[in-house]
Every structure is written in C-alpha cells, then in structure tokens.
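Subject: Structure for you to look at

Hello,

Please find the structure below. My notes on what was found in it follow.

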Amino acid sequence: TGGTASAALTVLSPPSISKSFSVNPVATNAPSVLTLTVSNPNSGTILAGVAVTDTYPAGLFNTSTPSPAITCSSGSSGIFTGGSGGGNTIGLSGGTLQPGGLCTITVNVSSSTDGSYLNTTGSVSSSNGGTGGTASATLNVGTPPSVTKTFGVSSLLQNQPTTLTLTITNSNANLVFSGLALTDNFPSGLQIYTTPNLSNTCGGVISSGGTAGQTSLVLSGATLAPSSSCQLQVNVTGISSGLKTNTTNAVTSTTGGTGNTASASITVTPSTDLAIRKTGSVNVNLNTPVTYTLQVWNNGPDNITGVSVSDIIPTALTSVSWSCVATGTADCDTTAGGSSATGTGNITMSNISLNIDTGPSTSADANYLIITVTATAPATAPTPNPITNTATVTAPASTNDPNGSNNSSSQS
C-alpha cells in the first residue's frame, strides 16, 4: 500500500472593469472626464499582470490638456498607458491588485463633432486570473435642445380661445435627442380651452394638456432627429383678466442635456355678463304721465368700469327726465364720483361702474342701478301705437360680454 497525495486548487475570478463619462452630455470641444475602474473581485488572492486598453471610436480624442491620472487602493499599483493629448487611447498595464483592490484611471476627452460616441474597452486581463469582460459607455456630444413659445394673439378676450405653440429644435447635425421632455406650467388664470385641439409632432407622451381645464402642458419620452424641430400646439383661454406671462421649465433630453426656457405673454381683457331690465307703464291715457324703470346689473365674472346705458326715448313722449340711483358698490357716473345722476331727454350714460352683483343672474340683488324715466304721453293718439321704448347696456370695447341676450329690454 502506497501513500496519498494532496493538492489544493485555487479558482480565481478575472479582474472586472467599469467605465463612465462625466460630464455627459457635453458640448462640442468641451472636456468630459473618462474614467476606467479596474478591480479585483477575489477576497484572498492578488491579481498580477492586470492590463486593459481602451481605443476610442472615431471622432473622440484626448483633449490637448488631458490630465491623465491613475489612483490605486492601498497595496495595488499599475502603469498608465496612452492618454497623450490628441490621442485616442487610454489603458493600464503591469497592474497588481490586492484582494478587493482597484485602480482608477482618468483622462479628459472631447469631440469637435456632435453625436453619440459608444466607447467599448478591450477585455481586461491578468496573468493569474485570466481574462475578464469589457466595459462600455456612451458619450453624447452636442448642443442641448432649445424651445420657443408663442401665443396666437397678443390680446385675448376673457373665456375666448387662442393657440399656444411650443417649438423644440435639435440644431445638431448628428446627435439624436432621446428622452426629450418639457413642462409648461401656466400662470394663474390661464388654462386649456373647452376644445383643446391638441397636436403633437414630437411623439412621446403628453401627460397633461389634452383635457379642458388643465393648467399645464407636459411632454416626456420624445425623440427628435438631428437638424429638425417639432411642435406642441393647444388651445388655451384666460379665465381671469390681466397680463399673463408664461415661462416653461427648461427643455431636457437624456442625450442632449438641459436647454433653455421659453417665455411669452398675453393680455386677457375682462369679461362680464351685463344685464338690463325695463318695466313701466303699459296702458296710459293721452296727455298723462308715463314712467319707465330700468334695472342694470353685472353678472360677472369681472368688475367693470366704463359701462354705457342708452335709451332713446320715442319722440311721441315729451317732458322727458330721468334719474339714476346706485345701490351697493355700483356708480352711476365714475367721472362725477356719485351714486346718483339726473338728466333730461334721451339717456346716454357712459361712465358707469358695476361690480359683480350677487344673487341670481336674472335679477338685480346687491350692486345695481335703478334708472327712473318720467315723461308725458302725447295729447293725441300716436302712430304707431303702442309706443315701444328699448333700453340697452353695453360693455366697453376692451371687455367681452359673452351673453348678448340680456343686453337690451323693451317696454310698450
């Protein structure tokens, strides 16, 4: 019987490698730091003869001041290769990596031509642990996306629609924008119109902006080819008056980086539903007094100054006089600063102030005018007979009155 023999087999893992670019995306001719990290995944054995070479894709180079550097963990070492200004390689040779140790090499790279540069290293190797894998990273080089913004008009009547157009541009000759995104939060009082008519040539996903009443337009996940533009367009409306300045967030792309913001302004002119009701004498004797009463009020949504009331009295009526009395915050004549006014003949008032009246829209309840007209009926039967008298209320030219059905009232 002979003896026994023993041997121990140590199984080693090869070195591992990772790669990154920072800054990424980067502008043309601007530096980005390329980083290679080579590590020893083994917990008890030193890896020797560690080496790797990274040759860049065409168009990518070390900068004129590449600042090559190598940093290794305690007890580990290696020789930096390549990394010369204007060159297109970087590498590590003769590396010794302690268990769990690593070496990191860095260099500044850039490109004068926009595009996406996929850079894959050669396989990392060692003399005692075998050959490991490769590492890849993509450097996106170019100009970030840009955005412009316009409204269809510079001045808009309240509650009426106009278009909002956002144009996104890719000015690069080679770089494709992916992950394109833009958020436009509207200022207070601006929202998507009842019929949005949203159009989108950018693709991606519109998560807000296609539904009436929404207050933002949000795009994400779009793609834009080089040397091209795309548009988002939607109908918007102003629900309150005043100057509305709308500024987007910065437009972004995962491959193109962060671009600009875009601003546009629109003036929303007031809107109000003015109403008038006329009552008074129906059947009167010849040569007797006639009385008409006008009620004038504002159903909103805005307070209005510069309202006009007109009542052209039929010529058959004589000795015409009228008086206006304001209730609440209404004003018969803002130029005179009075809550009352009087006159003779036809009524042609043009400086009326009417704040929003509370209560039902069919009646004057809190802030309104009462205009009383007195006259004398003709001494002989007029032609035509009966006499019809119509009074009207009119908003100033800068104000929208969407309901014209209650702007005049007649009495016979």
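**Strand pairing around β8**

Strand β2 (residues 32-39) pairs with strand β8 (residues 102-110) through eight bridges, in the antiparallel sense. One pair of facing residues is Ser-39 in β2 and Leu-102 in β8. Please keep in mind that the model is predicted.

Two other strands also pair with β8. Strand β4 (residues 61-62) is joined to β8 by two bridges, and these strands run antiparallel. Here Asn-62 has Val-109 of β8 as its bridge partner. Strand β5 (residues 69-72) pairs with β8 over four bridges, again antiparallel. In that pairing, Thr-71 is bridged to Thr-104 of β8.

**A four-stranded sheet**

Further along the chain there is an open sheet of four strands, in the order β31-β28-β33-β34, with antiparallel pairing. The edges are β31 (347-354) and β34 (408-411); each has a single partner strand, so one side of each lacks a neighbour in the sheet. From one strand to the next, the twist averages 20 degrees.

At one end of this order, β33 (residues 389-394) and β34 are antiparallel and share four bridges. Ala-391 stands opposite Ser-409, which lies in β34. As background, strands of a sheet pair through backbone hydrogen bonds, either parallel or antiparallel.

**Nonpolar cores**

Which residues touch the most other members of the largest nonpolar core? They are Val-309, Leu-369 and Ile-371, in a core of 31 residues. The elements that contribute two or more residues to this core are β26 (272-280), β27, β28 (304-311), β29, β31, β32 (368-376) and β33. Three strands of the sheet described above, β31, β28 and β33, are therefore in that list.

Leu-369 is worth opening in the viewer. Leaving out residues up to four places away in sequence, its contacts include Leu-294, Val-296, Cys-324, Val-325, Ile-352 and Leu-354. Gln-295, Asp-331 and Cys-332 are also among the residues that Leu-369 touches.

There is a second core, separate from this one, with 26 residues. Leu-166, Leu-219, Ala-222 and Leu-224 are included in it.

**Backbone points to check**

Most residues other than glycine have a negative phi, and most peptide bonds are trans. The following places depart from that.

- The peptide bond from Asn-24 to Pro-25 is cis, with omega near 0 degrees. Pro-25 sits in the loop between β1 (16-22) and β2.
- Gly-300 and Pro-301 are joined by a cis peptide bond, with omega about 20 degrees. Pro-301 belongs to strand β27 (residues 289-301).
- Ser-227 is not a glycine, yet has a positive phi of about 50 degrees. Ser-227 lies in the loop between β20 (216-224) and β21 (228-238).
- Ser-319 is another residue other than glycine with a positive phi, near 55 degrees. Ser-319 is in strand β29 (residues 318-327).

Are these two serines buried or exposed? Ser-227 has a relative accessible area of 57%, so Ser-227 is exposed. Ser-319 also counts as exposed, because its relative accessibility is 59%.

Regards

Note on methods
Residues numbered from 1 in each chain as written. Predicted model: local features only at pLDDT ≥ 70, side-chain atom pairs only at ≥ 80, totals over all residues. Heavy atoms only, no water. Pairing = 2+ DSSP bridges. Axes fitted to C-alpha atoms, helices over the stretch in contact; angles between N-to-C directions. Buried < 20%, exposed > 50% of the residue type's maximum accessible area, 1.4 Å probe, protein only. Core = buried A, V, L, I, M, F, W, Y, C linked by side-chain atoms within 4.5 Å. Contact = heavy atoms within 4.5 Å.
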